[in-house]
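Subject: Handover of the structure and notes on it

Dear colleague,

I am passing this structure on to you, together with some notes that may help you on a first reading. Please have the sequence and the 3D view open while you go through them.

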Amino acid sequence: MTALLVAEDLTIDYITPRGTVRALDGATLTLEPGTSLGLVGESGSGKTTLGMAIGRLLPSYARRVGGDLSIDGRSVFALDNDGITTLRRDRLGFVFQSPMAALDPTMRIGRQVSFSLGDRARGDDVFTLLRKVGLADVEHVARAYPHELSGGMAQRVVIGMAIARRPSLIVADEPTASLDASIRDQILDLLMALKEEAGAAFILLSHEMSVVARYCDMIAVMYGGRVVEHGPSADVLNQPTHPYTRALLEAAPGKERAGQRLSPIPGVPPVLSGPSTGCSFAPRCRWAEDLCHRTRPMARDVAGRITVCHRAEAVAEACDDNAFAEN
Amino acid sequence: MTTPIIDARDVAVDYTSGPPWDQRVTNAIKTVTISIAPGETLGLIGESGSGKTTLGRLFLGLLAPSAGSVQFDGEPIGPRRKPPRGQLSIVLQQPEWALNPRLRVATSVAEPLSILGRMSAAERLAEVRRSLELVGLDASFAARYPHELSGGQRQRVSIARALITEPRFIVFDEAVSALDVSVQTQVLNLIKDLQSEHNFAALFISHDLAATRYVSHRMAVMYAGELMEVGPADLFYAKPQHPYSRALSVSISLKDADVFKLKGTVADVSPVGCPLNLRCPWSIDRCRADKPVLRGLGEGLTACHRAEEVAAA
Amino acid sequence: MVGRRFFAAALRTLHGDPLMALGAVLLIMFLLAGALGPLLPIGDPTAIGVGPRLSPPSQALPLGTDELGRSNLPRVVGGILVTFYLAGFAVLLTAVVGVFIGLLAAYFGGYVDGLVARLTDVMYAFPAIILGLLVSSIIGPGTFAVVIVITAATLPLFIRVVRSVALSVAAREFVTAAEVAGASPLRIMVVHLLPNVAGAAIVQLTYALSIGMLIESALSFLGLGAQPPHPSLGSLLQQGATYLTIAPWLVFPPGIILSLAILSVNLLGDGIRDAIDPLKGRSLK
């Protein structure tokens, strides 16, 4: 089966007046059609850059200095303006963090939705779509302006617009970050249901492991501009083979016992200005050896998933005594 | 029985908004009675519209209650009767705007002391250095500007500012919500350690149950301006006794997912009976007719008719 | 040390924005010309009969002479001085008052804010020229009337902008933290609000300056501003317009310089505004 999305050693720099920042340092990722992938990373990991690179939605000061990203075998960086517009419109659907920022505040909802449906849309199609995303009283919603809707309703509209043309890939960047906890699950359930129905692949960018565990088949963990671990989410979260994945699972509150002290990851995430010498996590890693500081680790197959770590086997073994599984 | 540092009795807060001919009244807080003992951290969880932020502002004397009273160390407080300066502090959410971008870190951290006006500039600077060290930042940070710091570092500076007058009560309003997970845990540990060393009382407001129960001694859950459950943090590690508390902990434990999932949105507040009865999967006729009051059950207080069953599920 | 950082940043911005750099250069040239003008050996702006009446530009009299035989060159240079510095003084005064009122309105809100908003709306709606006619008929024409009119016309601009920026700043967390720590309203306005509205106020200052120069010129054109013999660019325009068909060299220099002066101030203002704007640099290529 040919992969839908292939990012190969993608390297992207941001050129700013204050200096150059390396946002992606050789990021490699594949995604099969119809699968759901959780892309996990903290700020500075490059996950947003990778997510936006899929639709070539990078800021004007971004430069691709190496590697490539292809969808259906065609590089998004080689497309001309028409090509990329067509790709974004027909094959991709994006859902961003803030629904209010994604909607035009001066245009009624109905009109915006009809734009996303395209030229062949009839009036009823708008209502059908709004109903499909779980909104009631669709006539009222269609006549409303974005600021008249609640955050949850607005996000549903955005989701509707993203799936309107049955994309092959939906990218959601922290879609529930600005929403209340009690409707977060509703929104994610909706996204997953629509994804299944459309047969689309799905990438969920999130910093929360538990959310990814519940909704995504695969997980890719990012650190320092690279994908450091990529595999089936149940496997990765039960038995992480990368020290960062493991440290992240240990550091987050939620699974500890009453009175137990959490151990945060010492140090701070790196800000790269060029390729990292050695492993970018090494300064904070408790498995780090000399080799780790000197030589960049390459992606290898360990325990059924892809890991970028010299010491992956040792990390995998150390997990046997820890229960990360859902209790 | 020592005087609680904060004692709120039957407080309610109404906001009026709109032009004089079309006034609209919003009940931010319907009725809350709770107290915080000296040296205790009370975790307050709720979603948007629950009234938790308003309660925090009330405890700092920034708002006046429309009903009931708030006392700080036995004395009533409010916007016209401010509590003694330097005894209370706040640490807020957005690291981006927590510090004045035009002022150096040292100036921001020293401000509460400048307002008290009791020290010389040199003495203040020494206190700033001491405070920065307490939060794990070395003295070189004093001369920097906020934009040179990361989110986690700015939050630490906010905490340093909050501590500098050795207050007796600090409100942490979503203080870690905007931070990355690994930085969040660093700051949570910092708050725990500082509290056990300096013994201030604290109100930790958050929507995140996991983070809150980690730092708190006692927890309170709010919904639509009222308390749903109050109890020791251990209770929230084991099994909370209110369906809403259980629903909030769904994100932590998959087992509760189907049994406690809420329907609808925060806007579906029921005006009669239990405010949650439109959304709660455990709701029965009695919940619509009869408003549950906060009552003792086991280790804590809960406002639910079916709490015993919930506790067993 | 702050000065050095500021200069470095300013130079960097100018380098990246050529239009703004042009505006800045022109503005500096005008300011220098106006300030140094009286000291240069270009002639006396008030001396009558220096050359034949209405004579075209020549070697001795580079901009020709007007109807009283006065050399136009020193008059134009003197005009820059009057227009620029009069407008500049009025606008600076207005800025101080406007910023203060804007901060008060934003911080206290409620009735204070409502009152200020209504007054500002009224001032905004009143056309400056009519006001100019009104004021000069009451207190007589002259520089004082011009200052009053410029103030009345530009005050609402400052108040609006400062109030709106101050409102968003006042909602920020460091202000709440200062309030909890017991800061007085004055302290909050001066230490926290003012430095953060300064950027927007400076942008407004440049726009107000261009408006002020226009008003000064318009009023002088109508004979209500700078009185003879001291010229301003506006009164020179008026004189020149009278003799347009027989001595066209009289109207162009003040006209061109006035346009360039207003352009340069606007370019500078736009440049500062863009430099402060954090949303630069986004495109969908």
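The notes below take chain A first, then chain C, and then the contacts with chain B.

Please keep in mind throughout that this is a predicted model, and that every value given here was computed from it.

Chain A

The secondary structure of chain A comes to 13 helices and 12 strands. Its C-alpha trace spans about 65 × 50 × 45 Å along the principal axes, and of its 327 residues 48% count as buried. For a chain of 327 residues, a compact globule would have a radius of gyration near 20 Å, and the 21 Å of chain A agrees with this. Where contacts in chain A link residues at least 6 apart in sequence, 65% of them join residues at least 24 apart.

Eight of the strands of chain A form an open sheet with mixed pairing, and their order across the sheet is E6-E7-E8-E3-E9-E10-E12-E11. Strand E6 (92–95) and strand E11 (300–302) of chain A stand at its edges, and because each has a single partner strand, one side of each is left without a neighbour in the sheet. On average, neighbouring strands of this sheet are turned by 20° against each other, with direction ignored.

Two of the pairings in this sheet are worth following in the viewer. At the edge, E6(A) runs parallel to strand E7 (residues 169–173) of chain A, and four bridges join the two; here A:Leu92 stands opposite A:Leu169 in E7(A). The residues of E6(A) point in two directions, with A:Leu92 and A:Phe94 going one way and A:Gly93 and A:Val95 the other, and all of these are buried. Elsewhere in the sheet, strand E3 (residues 36–40) of chain A is joined by five bridges to strand E8 (residues 201–206) of chain A, again with the strands running parallel, and A:Leu39 stands opposite A:Leu205 in E8(A).

Chain A also has an open sheet of four strands, in the order E2-E1-E4-E5, in which the pairing is antiparallel. Its edge strands are strand E2 (19–31) and strand E5 (74–75) of chain A, each of which pairs on one side only. Between strand E1 (residues 5–16) of chain A and E2(A), which run antiparallel, there are 10 bridges, and A:Ile12 stands opposite A:Leu24 in E2(A).

Chain C

In chain C the secondary structure comes to 10 helices and zero strands, so to speak a run of α elements from one end of the pattern to the other. The C-alpha atoms of chain C fill a box of roughly 75 × 50 × 40 Å along the principal axes, and buried residues make up 45% of its 285 residues. Among contacts in chain C with a separation of 6 or more, 69% are accounted for by residues 24 or more positions apart.

One helix pair in chain C can be described in detail. The axes of helix H9 (residues 233–242) and helix H10 (residues 252–276) of chain C come within 8 Å and cross at roughly 145°, and the crossing of H9(C) and H10(C) is left-handed. On the side of H9(C) the contact is made by C:Leu233, C:Leu236, C:Leu237 and C:Gly240, and on the side of H10(C) by C:Pro254, C:Gly255, C:Ile257 and C:Leu258. By class, the residues of this contact divide into six nonpolar, two polar and no charged.

Contacts with chain B

The contact between chains A and B takes 24 residues from chain A and 27 residues from chain B. On the side of chain A, the elements that give two or more residues are helix H8 (181–198), helix H9 (209–215) and helix H11 (243–251) of chain A, and the largest share, four residues, comes from H8(A). The residues on this side divide into 11 nonpolar, eight polar and five charged.

The contact between chains C and B takes 14 residues from chain C and 18 residues from chain B. Helix H7 (173–180) and helix H8 (185–221) of chain C are the elements that give two or more residues to the side of chain C, and H7(C) gives the most, with seven residues. This side of chain C has seven nonpolar, four polar and three charged residues.

With kind regards

Technical notes: Residues are numbered from 1 along each chain as its sequence is written. Chains are lettered from A and ligands numbered from 1 in the order in which they are written. This is a predicted model: local features need pLDDT of at least 70, side-chain atom pairs count only at pLDDT 80 or more; totals for chains, interfaces and linings use all residues. Two strands pair if DSSP finds at least two bridges between them. Axes are lines fitted to C-alpha atoms, for helices over the stretch in contact, and angles run from 0 to 180 degrees between N-to-C directions. Two residues are in contact if their C-beta atoms, placed from the backbone, lie within 7 Å. Ala, Val, Leu, Ile, Met, Phe, Trp, Tyr, Cys and Pro count as nonpolar, Asp, Glu, Lys and Arg as charged, and the others, Gly among them, as polar. A crossing is left-handed if the near helix is turned anticlockwise from the far one by less than a right angle, and right-handed if clockwise. A residue is buried if 20 or more other C-beta atoms lie within 10 Å of its own, exposed if 12 or fewer, and partly exposed in between; C-beta atoms are placed from the backbone. The radius of gyration is taken over C-alpha atoms; the globule rule is 2.2 Å times the number of residues to the power 0.38.
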